[in-house]
Every structure is written in structure tokens, then in C-alpha cells.
Amino acid sequence: MKSKILWPVVLILVFALSRWPGVMPQNFSATYALCFCAGLCLPRRLAWTVPLAVVVATDLLLTFLYYHPKDYSLLAFARDQAGNYVAYAVLIWLGC
């Protein structure tokens, strides 16, 4: 069981690092592929929690640490990103 989960977890960590600006070419995003493949490769509970947690964490870090928006709250972040997270959830559901 551990070997079955280890490889997807390593790839998810590489994905999280690849979201940092300047690491990958501009307009490159593997987020949709991560969500779909997590639905295919990971056990059901991990398929939902791991990719969504990684995407939320990296989005929050990028938004609040890298872009430094003024007067931007978590509520505004949730409102602005809601459509993206619905799409991520649909892709995970398709992969399950």
C-alpha cells in the first residue's frame, strides 16, 4: 500500500513546487491534470483531500506572499477562486 501511495505523493510535492512563479514556463499549469490523476491513482479519501489541500495551500501562499494584494481577505479569495475549485472537484469526481 505504501508503494502505491508514495509515487503520487512525490508527484504532488513536485506539482506544489512547480506552481511557484518562474519555475515553469508562463501559462503552464498542471492543476487540472493533478486533480484528474489524483482521482484515478489515489484511494477515494486521499483523492479528494490531498489535491484540494495542496491547491488551496499553494493558492493561498501565492496570493498572500507573492502577489501581496492590499485589502484582500480570505472571503474575497474564496469568492474569486470558487469557480476554479468547482472545476477541480469535477475533475476529481471524473477520475474516481
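1. Contacts across the chain. Of the contacts in the protein between residues at least 6 apart in sequence, 66% join residues at least 24 apart, a contact being a case of heavy atoms within 4.5 Å. This is a predicted model, in which local features need pLDDT of at least 70 and side-chain atom pairs count only at pLDDT 80 or more, while totals for chains, interfaces and linings use all residues. Residues are numbered from 1 along each chain as its sequence is written, and side-chain values use heavy atoms, with hydrogens and water left out.

2. Overall layout. The protein has four helices and zero strands, and along the sequence the pattern reads α-α-α-α; helices (H or I, at least four residues) and strands (E, at least two) are taken as DSSP runs and numbered from the N terminus. Taken along the principal axes, the C-alpha atoms fill a box of roughly 45 × 25 × 20 Å. The accessible surface comes to about 6,700 Å², and 69% of that surface belongs to carbon and sulfur atoms; accessible areas come from the Shrake-Rupley method with a 1.4 Å probe, and for residues only the protein chains shown count as cover. Buried residues make up 27% of the 96 residues, where buried means under 20% relative accessible area, exposed means over 50%, and partly exposed lies in between (1.4 Å probe, protein chains only).

3. Helix α4. This helix, residues 74–95, has a kink of about 55° centred on Gln-81, the bend at a residue being the angle between axes fitted to the seven residues ending there and the seven starting there. The buried residues of α4 are Ala-76, Phe-77, Gln-81, Tyr-85, Tyr-88, Leu-91, Ile-92 and Gly-95, so that Gln-81 is both the centre of the kink and one of the buried residues. What covers the buried residues of α4 includes α2 and α3, the latter spanning 44–66.

4. Thr-31 and its surroundings. Thr-31 is found in helix α2 and counts as buried because its relative accessibility is 3%. Leaving aside residues up to four places away in sequence, Thr-31 touches Phe-15, Arg-19, Val-55 and Tyr-88. Of these neighbours, Tyr-88 also belongs to the buried set of α4, and Arg-19 takes part in a salt bridge described below.

5. Aromatic pairs. A search of the whole structure finds four aromatic pairs; rings of Phe, Tyr and Trp (its six-membered ring) pair if their centres lie within 6.5 Å, and planes under 30 degrees apart count as stacked, over 60 as edge-to-face and the rest as tilted. The rings of Phe-64 and Tyr-72 have centres 5.9 Å apart and planes at 45°, so this pair is tilted. Phe-64 and Phe-77 form another tilted pair, 6.4 Å centre to centre with 45° between the planes. Because Phe-64 lies in helix α3 and Phe-77 in helix α4, the second of these pairs ties together parts that are 13 residues apart in sequence. As to cover, Phe-64 is partly exposed at 28% relative accessibility and Tyr-72 is partly exposed at 24%, whereas Phe-77 is buried at 6%. Separately, Tyr-32, Tyr-85 and Tyr-88 form one aromatic cluster.

6. Salt bridges. The structure holds two salt bridges, each defined as a side-chain nitrogen of Lys or Arg within 4 Å of a carboxyl oxygen of Asp or Glu. In one, the side chains of Asp-59 and Arg-19 meet at 2.7 Å, N to O, and the pair links distant parts of the chain, with Asp-59 in helix α3 and Arg-19 in the loop between α1 and α2, 40 residues apart. Asp-59 is buried, with a relative accessible area of 8%. Asp-80 forms a salt bridge with Arg-79, the closest N and O atoms being 3.4 Å apart; here Asp-80 is partly exposed at 40% and Arg-79 is exposed at 60%.

7. Nonpolar surface. Trp-20, Val-23, Met-24, Phe-28, Leu-61, Leu-65, Tyr-66 and Tyr-67 form a nonpolar patch on the surface, with about 810 Å² of accessible area together. Patches are made of residues with over 30% relative accessible area and no salt bridge, like charges being joined within 9 Å and nonpolar side chains (Val, Leu, Ile, Met, Phe, Trp, Tyr) within 5 Å. Within this patch, Phe-28 sits in the loop between α1 (2–18) and α2 (31–41) and is partly exposed, with a relative accessible area of 45%.

8. Trp-7. This residue lies in helix α1 and is exposed, with a relative accessible area of 57%. The C-alpha atoms of Trp-7 and Cys-41 are separated by 9.6 Å, although the two are 34 residues apart along the chain.
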